[in-house]
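Welcome, and thanks for taking a look at this one with us. Below is a short briefing, grouped by topic, to read alongside the structure.

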Amino acid sequence: NCEILRDHKIIREDLWVRNGKIVNPEPIYYLETRLADISIDCKGLLIAPGYIDLQINGHFGYDFSNCDIDIKEAIHKTASGLVRHGVTAFCPTLVTQSEESYHKILPQIERTAGSKAFGATNLGAHVEGPFISRDKKGAHPLEYIKSIDSFETIKRTYKYLDNVSIITLAPELDPTGDYVRQLVDAGITVSVGHSTATLQEGERAINSGATFITHLFNAMLPFHHRDPGLVGLLTSSALNKQVFYGIIADGIHTHYAALKIAFKSNPTGMVLVSDAISAAGLESGKHKIGVQEIEIKDKTKAFIAGTNTLCGSIAALDYCVKHLRQVTGCTTVEAIECATLHAAQVLGIEDRKGTLAFGADADFNVLDPALNVLATFISGTCVSKVANSLDINI
């Protein structure tokens, strides 16, 4: 008694799960002549893939870039809390650090499968820097920003590349594209961002193997009609593949008109990210984050206490999905795929994440028509639900 999102459309069909995977029911029903061991009435609601957040700096008071805390505990607490927002997988994200900090933090960001005990899957780290533009550093500490003189510099800086899934770098620091190619050959997704790159420099990076743009519009040259910079990658005819781009659709960091322009230009490349800071998930009021006092208002905005200065995103991905549909007028399928399928495609894991195809991991959300998350499942096990929404024991 549900609708499901499969093959880019919403269909009326039951969802069958076995051993943590989504399965084709026909062989079970006709060859094994079995019925389901457990049947859940979804009351006509929509089942969609679990959300995937490729850029999240912290949550619930924890900052993944703080080498003085227990990073493993921070990731576990975040993973177990994110499922309430329908997030079933995420990339813990680090801003620019010293080498010593990378060497201390990255070993603790081990990929971990999602579960009832752990929460959302840890897909590996997204390291945002230090190979970025000094002129487009944003909140990154200037003293740790680096140029690249060899691939050994990259390996020495991070040391624990096995735990890294995404690296954001400024393409103008790689004038031949060789560093991008070597990172991709090492199994790492390369994203361009925090950059003063021209369109031509961005195109070279994408054609060398980069596949992603970090938080479109933020920390890059503004669109100019004679050289649109990295923004121009959305419609470039010089690219040999789909380019994906992250965007913070919290209604604060990206104006609704810019959100609409991006979506209309390249709807199949949009990837919703929260880019959330450690204040995300906290209640309205004043909180101490490190040495800084912040104030959260309306559960949607974080300010430096006593000021009107925003201090980062505290968006949850489920809110971003709803905001995207409302602002752009896109379909429900399009809005959801911007937080599921497209994110999985960035990492090349769309055969098992971000989809309800047969054989995929049974990570999914039960949504009402307003796209509120009523229940979240990881590997076929319910890990979060709104009280009285479904007759499920967790």
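Arg18 is partly exposed, with a relative accessible area of 30%. Its side chain meets that of Glu32 in a salt bridge, at 2.9 Å from N to O. Please keep in mind that this is a predicted model, and the points below follow its salt bridges, its sheet, an annotated site and a surface patch.

**Salt bridges**

- Arg18 belongs to strand S3 (residues 17–18) and Glu32 to the loop between H1 and S5, so their salt bridge ties together parts that are 14 residues apart in sequence.
- Glu32 has a relative accessible area of 36%, and because buried means under 20% and exposed over 50%, Glu32 counts as partly exposed.
- Lys146 and Glu99 also meet through their side chains, in a salt bridge of 2.5 Å from N to O.
- That pair links distant parts of the chain, 47 residues apart: Lys146 sits in the loop between S11 and helix H4 (151–158), while Glu99 is in helix H3 (residues 99–105).
- Lys146 has 24% relative accessibility and is therefore partly exposed.
- Arg6 pairs with Glu13 in another salt bridge, where the closest N and O atoms are 2.7 Å apart.
- Are the two partners of this bridge, Arg6 and Glu13, buried or partly exposed? Arg6 is buried, at a relative accessible area of 10%, whereas Glu13 is partly exposed, at 31%.
- Lys21, Lys353, Asp361 and Asp363 are connected to one another in a network of salt bridges.
- How many salt bridges does a search of the whole structure find? The search gives 10.
- As general background, side chains of opposite charge can pair when their charged atoms come close.

**The sheet**

- Six strands, or 6 in the order S2-S1-S5-S20-S21-S22, make up an open sheet with mixed pairing.
- Which strands are at the edges? They are strand S2 (9–12) and strand S22 (381–385), each of which pairs on one side only.
- From one strand to the next, the twist averages 30°.
- Within this sheet, strand S5 (residues 46–49) and strand S20 (residues 364–367) run antiparallel and are joined by 4 bridges.
- Leu46 is placed opposite Leu367, a residue of S20.
- In general, the strands of a sheet pair through backbone hydrogen bonds, either parallel or antiparallel.

**An annotated site**

- An unreviewed UniProt entry lists Glu128, His194 and His215 under "binding site".
- These residues are spread over 88 residues of sequence, yet they cluster in space, with a largest C-alpha distance of 10.8 Å.
- Where is Glu128 placed? Glu128 is found in strand S11 (residues 125–128).
- With a relative accessible area of 3%, Glu128 is buried.

**A nonpolar surface patch**

- Tyr29, Tyr30, Leu31 and Leu35 make up a nonpolar patch on the surface, and together they have about 540 Å² of accessible area.
- Tyr29, one of the patch residues, is part of helix H1 (residues 25–31).
- Tyr29 has a relative accessibility of 43% and so counts as partly exposed.

Technical notes
Residues numbered from 1 in each chain as written. Predicted model: local features only at pLDDT ≥ 70, side-chain atom pairs only at ≥ 80, totals over all residues. Heavy atoms only, no water. Patch = residues over 30% accessible without salt bridge, like charges linked within 9 Å, V, L, I, M, F, W, Y side chains within 5 Å. Areas by Shrake-Rupley, 256 points an atom, 1.4 Å probe, with all protein chains shown as cover. Salt bridge = Lys/Arg side-chain N within 4 Å of Asp/Glu carboxyl O. Helix = DSSP H or I, 4+ residues; strand = E, 2+ residues; numbered from the N terminus. Buried < 20%, exposed > 50% of the residue type's maximum accessible area, 1.4 Å probe, protein only. Pairing = 2+ DSSP bridges. Axes fitted to C-alpha atoms, helices over the stretch in contact; angles between N-to-C directions. UniProt positions renumbered as here; feature names shortened; annotations may be inferred.
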